Structures are given as structure tokens and as C-alpha cells.
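Student: I should like to request a close look at a single part of this model, with an account of how that part is set among its surroundings.

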Amino acid sequence: MEFRPIPREPDAFQQSVTAEVIQAMCRRACGSTVQVTSAVELGGDMYNTTYRTNANSLDAPVVLRITPAPERQFVSEHELMRNEYATVPYLAPIADLIPRVLFADWSQDITGRDWIVQSHLDGAPAPDRLGGYPSTLWPGCFAQLGTIAKDVHAVQGPHFGHVTGPGCHPTWSAAVVASLSAIADDVSSVGLDAADVRKVVDLALEHRKVLDEITEPRLLTGDLWTVNTMLAAAPTPVISGVLDLDRTLFGDPAADWTIRMASAKQDERTAFWDTYGPRAATSADAWRALVYEARHLGAIRLERHRLHNTDGVHSTYNSMATVLRQLT
């Protein structure tokens, strides 16, 4: 087998498995006679460990994704792969863009981690290919993202919170408070100050009626932006795939990471709104958006800590202080 893991420090969050483990997984998924010929670890996923895998009996490569060990997962990121797996039926409106699930194994008896095998999407990661086009063509990519987000947000769910697992709630305020509380607990668990996140929890509880103006749980992508898209080889940017939809949840579409990113700058991304539609702009919408920003900042703090980005962690405290001043 050609085996090419990404070299990492022993204390890095992402850790490769062995070639023998990959062989065992592929034989379970594809049959006992399968012989893996190559497994190349891909660097685009910052959470799971992902390999492009070829085998002698497969007509095309497949993608093997392996979660972090359970003890390395934050409470606020509980069993994300299982959440993604449960989301697949709700993603029917964009089924032509997402990888097909070929096999999933939650038994953890091979390596103590969940794993999944998916079809390999054609194209190149958007961060690698978009820059090859003139910037005058970039708005087309963001307009397509607007259409994708609009289609996903149109899907109504049965509850608020995570698609599956313990994070399912009858009201939006309960889901937001639970998410913020889990993030605060995770921040504390790694020795960081979580007082600012807990202050947002208090404010969300105090003003829960504003959050509960959201009465229809809609599907949120959780993490969709250019980094999680593939572009086809075409004269203009054409999104050919959407990846890593493991942070999906049901709630207010305005709370989606995609909306945050589309709103971040007045540049080519403004084309997003041409297809998505205008944002609501009441005072209640503005207040909820601040709570959502606090939730994003808490998650960013955890990710930067995981990546040993000390300066980035510190910057989240200044950003959160700004949000808190506006919330109060």
C-alpha cells in the first residue's frame, strides 16, 4: 500500500491511524478480499482525519473519514459524524452536490473511533481553484452559495438543536442556551476563562422571548463556506460539491455560519444576497445576531486553542467584549 499520512506532532489534535487500520476498515466496508493500494491523507479537514483511498476492486477512489477519539472531542462537538449521517435525508435539496455515504461504522472496535466511507467528489477545493479565475468572476461562486444556503434553510426540522443526539430541544432559546453552555464548559475544561460566554448564557436566558420569536426550526449547514466547497474545471466558477456538513442543526437560519461569512465583508460575497434574498433587519433580529456571533466566537476560541493559536484565542476575548457591550 502507498500510505501517505500528514506528519504531525505527538500532541496534535488530529492523529493518523496506521495503514493496517485503513486496510481493516476498507475490508469491512468493501469486502474481505479488498486490497488497499493507496491511502493519502487530505489536509482540508481540520477536525476529522480524512484519506483519499484506492483499492484493487474499486472503480474510483473513495474518501475515508475518521473522527477524533471520543475522549478528545469537546462536549459542544459531540459525535459530529453521527450528526452528519443523520442529516443526509434532510439534505435532499442539494443531494447532487454532497458525497454519497457508502458505509458507516459506529462500533469503534477497529480503532476506537467512528468512521465513514463516502464517494469521492470531482473538482478541486474552492480555496485552491477560485484564485485562478479573474476576481470579476468570483461573484458567481458566492451567488451559487446563496442558492445552496437558501435551499438548505428551506428544510424544516422536527425540533431545535442538533439533528440527532442529546442536543434536541422544543424551543430555540433552549437550544441556544444549551449550545452556549456546552461551549462555556469546554472553554473552562481547557483552562481558559469562560466568564464572557457564561454572561451571554445569562443574557439569552433573560431575553429568551426574543429568541423564541423563532418558532420554525430550519436546517442550518453549520459550517458552509468556500473552504467546504469543490469547484469544477470550468470556464467560470461552478460549485460541484459541498463537504463536511457535520455541524448541522435545526434553528434560525440567521444563526448559520454561512450567514456570518456572507455578512463579513462588502466585496464579491455580496452576490450571495442576490440569490439568497435580503436579511431581516428588526431590532430583535439585530439582538439575536449578536447572540449568534457570541456563539460563533466561542466555537472559534475552542478551535484556535485546538490549533495552538494562542494569539487567535486572545483575540476572541476582545471580540466577545465588543459583542457583550452591544448586547447589554
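Tutor: What follows is a description of the open sheet, beginning with its strands and moving outward to the helix across it and to the spaces in the structure. The model is a predicted one.

The sheet is open and consists of six strands with mixed pairing, in the order S1-S2-S3-S4-S6-S5. Its edges are formed by strand S1 (2-4) and strand S5 (101-105); each has a single partner strand, so one side of each is left without a neighbour in the sheet. On average, and with direction ignored, neighbouring strands are turned by 20° against each other.

At one edge, S1 runs parallel to strand S2 (residues 36-42), and three bridges join the two. Within this pairing, Glu2 has Ser38 of S2 as its bridge partner.

Further along the order stands strand S4 (62-66), which is paired on both sides. With strand S3 (residues 49-55), S4 runs antiparallel and shares five bridges; six residues lie between S3 and S4, and the two strands form a hairpin. With S6, S4 is likewise antiparallel, again through five bridges. Leu64 takes part in both pairings: Leu64 is the bridge partner of Tyr51 in S4, and Val117 is the bridge partner of Leu64 in S6.

How far is S4 enclosed by the rest of the structure? Five of the five residues of S4 are buried, so S4 is largely enclosed. The burial extends to both faces: on one side are Val62, Leu64 and Ile66, and on the other are Val63 and Arg65, all of them buried.

Helix H2 (residues 80-87) lies across S4, S5 and strand S6 (115-119), and runs at about 40° to S6. Both H2 and S6 contribute at least two residues to the lining of the largest cavity. That cavity has a volume of about 90 Å³ and is one of three cavities of 30 Å³ or more in the structure. Its lining comprises 13 residues, and those nearest its centre are Glu84, Val88, Ile98, Pro99 and Gln118.

The loop between H2 and S5 contains Ile94. Ile94 has a relative accessible area of 3% and is therefore buried. When neighbours within four places in sequence are left aside, the contacts of Ile94 are Ile148, Asp151, Val152 and Leu245. Of these, Ile148 is 54 residues from Ile94 along the chain, and the C-alpha atoms of the two are separated by 7.0 Å.

H2 also takes part in the lining of the largest pocket, to which H2, strand S8 (160-162), helix H5 (172-189), helix H8 (257-263) and H10 each supply at least two residues. The space in this pocket amounts to about 1,100 Å³. Among its 47 lining residues, Glu77, Gly222, Asp223, Arg247 and Ala299 are the closest to the centre. The largest share of the lining, eight residues, belongs to H10.

Helix H10 (residues 283-306) itself has 24 residues and reaches 35 Å from its first C-alpha to its last, close to the 34 Å expected at 1.5 Å a residue. After H10 comes His308, with a positive phi near 60°.

How values were computed:
Residues are numbered from 1 along each chain as its sequence is written. This is a predicted model: local features need pLDDT of at least 70, side-chain atom pairs count only at pLDDT 80 or more; totals for chains, interfaces and linings use all residues. Side-chain values use heavy atoms; hydrogens and water are left out. Two strands pair if DSSP finds at least two bridges between them. Helices (H or I, at least four residues) and strands (E, at least two) are DSSP runs, numbered from the N terminus. Axes are lines fitted to C-alpha atoms, for helices over the stretch in contact, and angles run from 0 to 180 degrees between N-to-C directions. Contact means heavy atoms within 4.5 Å. The expected span of a helix is 1.5 Å times one less than its number of residues. Buried means under 20% relative accessible area, exposed over 50%, partly exposed in between (1.4 Å probe, protein chains only). On a 1 Å grid over the protein atoms alone, a cavity is a set of points where a 1.4 Å probe fits but cannot get out, and a pocket is an open set with protein on both sides within 12 Å along at least five of seven lines; lining residues have an atom within 4 Å of a point. Grid points are joined across faces, edges and corners, and a volume is the space filled by probe spheres set on the points.
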